[in-house]
Amino acid sequence: MKLPGQKYMAAFAGLTATRAKTGQTIGVVAKKLGLVRQALRGLSTALLFGLCLSHSLAQSPNTAASGAGEKVAAQDDLRHTTAGTAFRDCADCPLVVVIVPRPDGLEPMRRDNLFWNPEQTQETIELPGIFAIGRYEVTRAEFARFVKDSGYAAPANAGCYGWSGARYETNALADWRNPGFAQTENDPVVCVSWDDANAYTEWLAKKTGKSYRLPTEVEWEYAARAGNAAARPWDDAGIDACRHANVADASTRRGMPGTAGSWKYHDCDDRHAYTAPVGSYTPNAFGLHDMLGNAWEWTDTCWNPGPAVPPSGGTLTAGPCEQRVLRGGGWVDSPAYVRYDFRFLLDQGDRDFYGGFRVLRGD
Ligand SMILES: [Ca+2]
């Protein structure tokens, strides 16, 4: 791909050295449920990976979640809802799937790919509580209903950052309605900032009386992996990627002007040069679609120069939050960036033609 956000090119330049360093020492601590599983300081990445494979990682109720158990009625208390249940809190609300994190599902959340923090050698991860997360990325149609109902207006002269046909640059005329390429109403909304995405969740919370927000990156990664300890659900060659995700591929090479020769592609054809309608590809074991590929997804997590989560546990959603973490890779991305553990960041006011989101519904 062309790296998203050329302003961060310098940070990407040190990836190789960073990766080698962060693989040396990793600590994982589960705090909720009174559980401190283990301190893994000093274990090599290879050993940690071995531990991952020794457990049954996926929540068994969720492994059969795809297409099953959908309920239209709102769920008042997620704790009384079966894992894998899919429901909506209102007719226009996003379909969400109940996730019940298990302590032994923590192991896949290893951190050996903290590209953005060369000094990171230890990670503390808090087991998320029960939550429900969007089965799909928020679509243009869903975002349009929010805009119409709330009167929300993006700030003037915002523009959107994207590929001009020769380079990445801001298109002052682009916005979520016209990101610079054709979309269906079921494509993920893009050219939305973190502020826009957060406003959508606040509107949804007010509309339903339920707890809606963006997922933290820990919640996102737990949901995305669905028990998969590998980097992605296809092999590193990427030949099978197009069955699972909309990524930079043969369709991109054919259909996006000016990319051939400078972008790197997956060696397959997912049939979409730009975004794809949500749910076009195989879901993960929790029944969630497009966790990898299609739109990059904003999380609630602040990017800070320190650890991704504070040593005391928890997730950084307060403090210096000018920049936010995005996850999942996008339709513009080469194999290096489409993986469960790759962390990307943007200024929270940035709008990019690969940037969208999905919602989290708390208990
Ligand atoms: Ca594609």
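Visitor: Which helix, with nine of the nine residues buried, is largely enclosed by the rest of the structure?
Guide: This is a predicted model, in which local features need pLDDT of at least 70 and side-chain atom pairs count only at pLDDT 80 or more, while totals for chains, interfaces and linings use all residues. Residues are numbered from 1 along each chain as its sequence is written. A residue is buried if 20 or more other C-beta atoms lie within 10 Å of its own, exposed if 12 or fewer, and partly exposed in between, with C-beta atoms placed from the backbone. Nine of the nine residues in the run 217–225 are buried, so the helix that is largely enclosed by the rest of the structure is α7.

Visitor: How many helices and strands does the chain have?
Guide: Helices (H or I, at least four residues) and strands (E, at least two) are DSSP runs, numbered from the N terminus. On that basis the chain has nine helices and twelve strands.

Visitor: Against which strands do the buried residues of α7 pack?
Guide: The buried residues of α7 include Glu217, Trp220, Tyr222 and Arg225. Contact here requires that the C-beta atoms of two residues, placed from the backbone, lie within 7 Å. The strands against which the buried residues of α7 pack are β3, β4, β8, β9, β10 and β12.

Visitor: Which helix gives the most to the largest nonpolar core?
Guide: A nonpolar core is a set of buried Ala, Val, Leu, Ile, Met, Phe, Trp, Tyr and Cys residues joined through C-beta atoms within 7 Å. The largest one has 72 residues, of which Val97, Ile99, Ala132, Ile133, Val190 and Ala223 touch the most other members. The helix that gives the most to this core, with five residues, is α7.

Visitor: With which residues is Ala223 in contact, leaving aside its neighbours within four places in sequence?
Guide: Ala223 is one of the buried residues of α7, and it is also among the core members that touch the most others. Leaving aside neighbours within four places in sequence, the contacts of Ala223 are Ile99, Ile133, Phe286, Leu288 and Met291.

Visitor: Which residue of β12 is the bridge partner of Phe131?
Guide: Two strands pair if DSSP finds at least two bridges between them. Strand β4 (residues 131–134) pairs with β3 (residues 96–99) in the antiparallel sense over four bridges, and Val96 stands opposite Gly134 there. β4 also pairs with β12 (residues 360–362), in the antiparallel sense over three bridges. In β12, the bridge partner of Phe131 is Gly362.

Visitor: What is the order of the strands in the open sheet of four?
Guide: The edge strands are β10 (343–347) and β11 (355–356), each of which pairs on one side only. Three bridges join β8 (residues 296–302) to β9 (residues 323–327) in an antiparallel arrangement, with Glu297 opposite Arg327. The pairing in the sheet is mixed, and the order is β10-β9-β8-β11.

Visitor: Which residue has a positive phi in the turn between β5 and β6?
Guide: Strands β5 (residues 160–163) and β6 (residues 168–171) run antiparallel and are joined by four bridges, with Gly162 opposite Glu169. They form a hairpin with four residues between them, and the turn residue with a positive phi, about 110°, is Gly165.

Visitor: Why does Pro179 count as buried?
Guide: Pro179 lies in the loop between β6 and α6 (194–208). Not counting residues up to four places away in sequence, Pro179 touches Cys160, Gly162, Ala174, Val190, Cys191 and Phe353. Pro179 counts as buried because its number of C-beta neighbours inside 10 Å is 26.
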